[in-house]
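Biologist: I would like to go through this model with you, one point at a time. Please give the reasoning before each answer.

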Amino acid sequence: MVTAMATLNLPLCPSINCFSRPNPKFNSLPQGIKPTKYQSNCENSGVPINVIGNNYGFLKVGTHEFGSNRIILANSAGSSSNNSVTSTVVQNVVGVLHLVVSLGIILAIDKLLKKAFAEAAIQFPSALFGMFCTFSTLMILDSVVPSAASSLMNFFEPAILFIQRWLPLFYVPSLVILPLAIKDIPAASGVKILGILVGGWLASLCVAGYTAIAVRNIVKTEMIPAEPMSKPPPFSSTEVWVWSAIFIASFVGAFLYPTILGTSARTCLPFLLSATVLGYILGTGLPSGLKMLLHPIICCALSADLAAFAFGYITKSGIDPVLGDYLTKVSTNPGAGDILMGFLGSVIISFAFSMFKQRKLVKRHAAEIFTSIIISTLFSLYSTALIGRLVGLEKSLTLSILPRCITVALALSIVSLFEGTNSSLTAAVVVLTGLVGANFVQVVLDKLQFRDPIARGIATASSAHGLGTAALSAKEPEALPFCAIAYALTGIFGSVLCSLPIIRQSLLAVVG
């Protein structure tokens, strides 16, 4: 007769972690015995484990009850918890250092190239040259030592994610100072510019999309999955509280001591920067329906303008001097906007990593991508020049809005090649074009019956650059690679074309 208790000689591990794996040996126990479901990790100890049957709810390890080992387990768990916290802290510190070093290298490269190009009087975007060099380096390494290319990509991944996470902020300064930029522009000219902006966006989208579809119907290249794109982490409540504390402390400090940091621009920098960042973080947290009317970029600009208005009202200086301190364009006396726009060169250099990651896709669909981007870029530049002349827009204003479909960083480089342009207006028009695209691109693409992700991605990025790309890719991730490629290449082709004297002269001839 089988009794209610049986003793089995099983190996014992000296650690409490013995009871961590199922024991298949218990499957053959006599009927009536209910064994434990755990087995030692150690196989060489000779101390028996007493397996207690139905009438007992505890185990005996040798001559010690299992309950007496709870202290050991608690101590082990506490030690493990402490080690885990320490490990997390170390990982966070290493992660921050990794970000600082990788981002610092990109910023340093951008700064050195700017200085070298300025000293050599080279009229070509220095950051664009840096992007070509970075992309070429990655391609050469990939063909010779693929592991080195992968390591380089992994090293700069934190910097790329940082740039992607805060990308809209780098566009904001020109929108913040828009009241100053349009102050001297007649109302009639403003209406003309707005009409060119909206109509031009729609026309550019159609040209890019239909060109991509036409070429795709000719080549009939089969779609393949794109390389997955890393996504930056969402914003946390801690970030909101930290930036809020910075805003309050620096706002009060600037009010009490207007030149505590040497100049009014540097003194106002912390609270204007924190107001801009807070506007963006809060704007990204709005419901999707409300974002259609109040885009995060608009929240950024409104937040910064409200902070400037409040400070100007309290100090009785007015808003204009505060906005002037927001973007000084003086390297020795930077404002909040100068800090943000200082990242625009690094944004262009970062395009090299995005293009390299999607190099197989670019090669496979080169015909559709390059043809549609070249045609849409030429159309955007020359149609803007022609429409500006037809509606009687001033020459300087028409030249200022020529690169309306090109990302801010490169658009500013393009207009610098022409004399008498308003760079603040250029940046503002580019941002407004992106806002129009971000809000309406998906609806328009559906109305035009663009179903192909290649056509949708290229049409979006070619007409509304980064903001349109962010809006479409959030809902259609399959279009993101083509958006990223078109986003970079549109700016590249536009910059290369406008750097050619013959193209500049022809554009001037069209403008009149």
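**Salt bridges, confidence and packing**

Modeller: Asp446 has a relative accessible area of 37%, so Asp446 counts as partly exposed. Bear in mind throughout that the model is predicted.

Biologist: Which residue does Asp446 meet in a salt bridge?

Modeller: Asp446 lies in helix H18 (residues 423-447), and its partner lies in helix H19 (residues 453-475), so the pair ties together parts that are 10 residues apart in sequence. The partner is buried, with a relative accessible area of 5%. N and O are 3.1 Å apart in this bridge, and the residue that meets Asp446 is Arg456.

Biologist: How many salt bridges does a search of the whole structure find?

Modeller: A pair counts when a side-chain nitrogen of Lys or Arg is within 4 Å of a carboxyl oxygen of Asp or Glu. Lys114 and Asp110 meet this, with the closest N and O atoms 3.6 Å apart. For the whole structure, the search finds 6.

Biologist: In the bridge of Lys114 with Asp110, which residue counts as buried?

Modeller: The two residues are 4 residues apart in helix H1 (residues 70-120), so about one helical turn separates them. Lys114 has 42% relative accessibility and therefore counts as partly exposed. At 3% relative accessibility, the one that counts as buried is Asp110.

Biologist: How many residues apart are Glu368 and Arg216?

Modeller: Glu368 and Arg216 form a salt bridge whose closest N and O atoms are 3.5 Å apart. Glu368 is in helix H15 (residues 366-390) and Arg216 is in helix H6 (residues 187-219), so the pair links distant parts of the chain. Their separation is 152 residues.

Biologist: Is Arg216 buried or exposed?

Modeller: Its partner Glu368 has a relative accessible area of 0% and is buried. For Arg216 the value is 13%, and the cut-off for buried is under 20%. Arg216 is therefore buried.

Biologist: Over which residues is the pLDDT below 50?

Modeller: The mean pLDDT of the chain is 80, and 82% of its residues reach 70 or more. The stretch below 50 has 96 contacts in the model beyond near neighbours in sequence. That stretch is residues 1-74.

Biologist: How many disulfides does the count come to?

Modeller: A disulfide needs a pair of cysteine sulfur atoms within 2.5 Å. As for individual cysteines, Cys133 is partly exposed at 33% relative accessibility, whereas Cys483 is buried at 0%. The count of disulfides comes to 0.

Biologist: What arc do the buried residues of helix H11 cover around the axis?

Modeller: In helix H11 (residues 319-326) the buried residues are Val322, Leu323, Asp325 and Tyr326. They lie on the same side of H11, because the arc they cover is only 155°.

Biologist: Which helices do those buried residues of H11 pack against?

Modeller: The buried residues in question are Val322, Leu323, Asp325 and Tyr326. The helices they pack against are H4 (172-176), H5 (178-181), H8 (264-284), H10 (296-315) and H12 (336-341).

Biologist: Which residues does Leu507 touch, not counting residues up to four places away in sequence?

Modeller: Leu507 lies in helix H21 (residues 501-511) and is buried, at 0% relative accessibility. Its C-alpha atom is 8.8 Å from that of Leu386, although these residues are 121 residues apart along the chain. The residues that Leu507 touches are Leu381, Tyr382, Ala385, Leu402, Phe418 and Cys498.

Biologist: Which residues is Glu222 in contact with, leaving aside its neighbours within four places in sequence?

Modeller: Glu222 is in the loop between H6 and helix H7 (237-256), and counts as exposed at 60% relative accessibility. The C-alpha atoms of Glu222 and His365 are separated by 9.0 Å. The contacts of Glu222 are Arg364 and His365.

Biologist: How many aromatic pairs does the structure hold, and what is the angle between the planes of Tyr210 and Phe450?

Modeller: The structure holds 16 aromatic pairs. Tyr210 and Phe450 form one that is edge-to-face, 4.9 Å centre to centre, with an angle between the planes of 85°.

Terms used: Residues numbered from 1 in each chain as written. Heavy atoms only, no water. Buried < 20%, exposed > 50% of the residue type's maximum accessible area, 1.4 Å probe, protein only. pLDDT = per-residue confidence, 0-100. Contact = heavy atoms within 4.5 Å. Arc of directions from axis to C-beta. Phe/Tyr/Trp six-rings, centres within 6.5 Å; stacked < 30°, edge-to-face > 60°.
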